[in-house]
Amino acid sequence: MLSINNLRASIGEKEILKGLNLEVKPGEVHAIMGPNGAGKSTLSSVLAGRSDYEVTAGEVTFMGKDLLELSAEDRAREGVFLAFQYPIEIPGVSTTNFLKTAINEIRKYRGQDPLDAVSFLNLMKQKMKSVNIDQALLSRSLNEGFSGGEKKRNEVFQMAMLEPKLAILDETDSGLDIDALRIVANGVNQLKNENNAFIVVTHYQRLLDYIVPDFVHVLYNGRIVKSGPKELALELEAKGYDWIKEEVDGVKA
Amino acid sequence: MKFDLQDILNSDIKVLEKELSLSDNSILAEHRNQAFESLQKLGLPTTKHEDWKYCNLSTATKKSYSLATETSLTNTDLAQFNIADLGEANILTFVNGVYQASLSTIVSPSTELTISNLKDALAIEPNLLSNNLFKYANYETDAYTALSTALAENGTFINVPNGKAVEKPILIRYISDVRSVDTFAQARNLFLVGKNAQATVIELYHTIGAHQSFNNIVTEIALSENAILTNYKLQDESNAAYQVNTTQVNLLKESVYSAVTITLGGGVVRNNLNTVLNAERTEANLYGLFMPQGETLIDNHTIVDHAMPNCNSNELYKGVLSDNSTGVFNGKIFVRKDAQKTNAFQSNKTILLSDNATINTKPQLEIFADDVKCSHGATSGQLDEEALFYLRSRGLSEKSAKSLLVYAFATDILEKVNNEALKSHLEKLIATRLNTEA
């Protein structure tokens with residue numbers, strides 16, 4: 001589904017991703033862990049098409065298409081979804097309001113008829129239940145005055161609405177209490193099936209108790225330096241990242 | 001006949017009276033000479049005048065126009081400007097500055113509302129007119145007011161008697177019929193709202209045809225004790241339309257004046273909205289949205305003069321500027337020595353959608369009292385890149401994302417429109433406009 005080959009990306013003069021490789025197949029959940037500054041958020045941003053980053057080398061193929069060639073909106077229309085680490089506030093735009101436009105533009109791109117108001121509302125109701133989110137919140141200005149938990153639930157709600165093929169969760173667990181974490185994880189698990197895939201970017205193992213990964217990758221200094229089964233996350237939780245740094249930097253030296 | 005404004009200035013008022021067959025009504029005639037003298041003395045302002053620095057009307061003032069041309073427009077032609085679901089309304093229509101009885105309808109009972117063309121009002125309400133007309137807008141200092149006063153004939157006269165709340169909105173349509181000639185038109189309006197009385201006035205400015213038009217509109221508004229007037233303006237003229245629109249508002253004890261000025265079109269539009277809070281516990285609310293495009297210019301000059309204590313004013317103007325357009329905001333707040341316990345707030349926010357658009361903004365606050373709460377400020381910038389990326393990452397095209405954000409930016413001005421039919425009319429116009437722009 002997703003194939004990242006030797007990806008290099010910079011912001012300004014600074015190279016952040018330094019030859020990253022990753023293969024994601026349908027039905028898989030990949031966790032990407034790593035210390036601060038390793039490039040985790042850069043990877044999410046580059047995949048979603050944020051223009052601040054310049055890709056200097058490498059390829060990213062998604063469902064047979066060159067992902068890097070596509071605009072941010074076309075990536076979304078092809079089925080890529082990014083749950084933002086810091087969902088931004090947009091005064092005057094409600095979730096309901098922009099999601100309807102989003103869904104219909106995506107449908108148009110795929111050659112489908114637009115959803116009528118009733119079908120849209122029914123879809124909303126069904127998805128609202130799955131992430132335990134209130135209608136009132138969705139009618140308010142996007143993320144304005146939302147708690148941290150509400151913002152993240154809103155991200156997962158949007159993901160549920162758009163039903164992406166590949167969802168990237170960028171530190172969706174940061175700032176969440178255990179109840180909010182369960183709700184968010186529950187939303188993801190309901191969505192999971194053999195045709196879609198998830199990349200869960202996280203700093204902590206905690207989230208992975210609820211969203212169980214098939215693979216855990218350690219991102220350090222712009223590259224994936226270690227991959228393993230879900231137990232690797234527990235090891236990282238227990239031992240921290242220093243042993244990885246030593247391993248990598250030691251080899252380099 | 002054809003003339004340009006300079007011809008008028010160089011002429012003699014006696015000659016003009018004859019040539020333009022101006023009314024010999026004594027109330028009009030009384031001020032005519034003085035106003036004309038003042039016009040000649042002042043001359044029409046150019047960009048050399050501080051208050052007109054960014055507002056270049058030279059293309060408009062040098063051109064020759066036809067005056068008071070006849071029109072063949074019917075209600076069918078004007079249907080395109082209808083506000084859906086507005087319901088019954090008192091409608092006054094002026095085409096090229098001339099009152100059109102056949103395109104006007106009055107539905108409110110005469111006990112609730114007196115409304116007529118200015119000319120007719122002179123005969124019906126001579127005392128009210130002689131006491132109020134030309135008394136608020138200063139023709140000795142303002143050239144366009146002087147021009148309006150000297151040649152005054154047509155316009156809207158409204159009187160809401162004490163204690164009456166006019167239920168149906170008052171809709172005034174100013175139409176430029178420029179299908180065959182360039183036209184110059186004036187309207188001189190007087191709105192009187194009595195003690196404990198209330199009314200809503202909606203003004204529409206539209207163009208039919210491709211020729212040039214120049215409108216000089218002066219409206220004097222006097223609110224008595226505890227009166228409430230809500231004044232909406234929709235200016236959506238063609239790019240070949242020029243307009244100077246002066247509104248002078250006098251507020252007496254506990255009265256409230258609220259204005260929402262939405263300017264979507266016009267080649268050069270200059271609005272002067274001046275309020276004098278002349279008694280205690282009055283309130284002025286001035287809101288505006290201006291969206292120039294192409295090569296057009298929209299200039300909003302406002303004055304809020306806090307003359308007395310315990311008054312409130314709120315002002316918010318928002319600009320959305322595309323292409324090579326120019327926006328001007330100049331907001332003056334005066335808080336006079338006696339005006340203790342004043343609350344005065346003013347803000348101008350502008351979004352520049354193009355690198356070639358320009359905003360000139362000047363919020364001014366002059367305070368002579370010491371126990372007041374005042375704030376003013378201006379911001380300008382581009383659309384938030386982060387917000388654009390967020391929406392695009394959800395599948396919205398760049399264009400949809402932009403128009404959604406602009407729409408959201410404009411929302412808090414539209415929220416000030418309490419007439420639901422007008423509000424959805426404006427929402428539709430703005431949405432259409434955003435969807436046709438790149």
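Q: Before we look at the two chains, what does it take for two residues to be in contact?
A: Two residues are in contact if their C-beta atoms, placed from the backbone, lie within 7 Å. Here, 17 residues from chain B and 20 residues from chain A make up the contact.

Q: Can I get some ground rules?
A: Sure: this is a predicted model, where local features need pLDDT of at least 70, side-chain atom pairs count only at pLDDT 80 or more, and totals for chains, interfaces and linings use all residues. Residues are numbered from 1 along each chain as its sequence is written, while chains are lettered from A and ligands numbered from 1 in the order in which they are written.

Q: Which helices of chain B each supply at least two residues of the side that touches chain A?
A: Helices (H or I, at least four residues) and strands (E, at least two) are DSSP runs, numbered from the N terminus. On chain B, those are α9 (385-392) and α10 (398-414).

Q: And how do I read a sheet?
A: Strands of a sheet pair through backbone hydrogen bonds, either parallel or antiparallel. Two strands pair if DSSP finds at least two bridges between them. In chain A, six strands form an open sheet with mixed pairing, in the order β6-β9-β10-β3-β11-β12. Its edge strands, β6 (80-83) and β12 (223-228) of chain A, each pair on one side only.

Q: How many bridges join β9 to β10 of chain A?
A: Five, between residues 166-170 of β9 and residues 197-202 of β10 in chain A, and these strands run parallel. Take A:Ala167: its bridge partner in β10(A) is A:Phe198.
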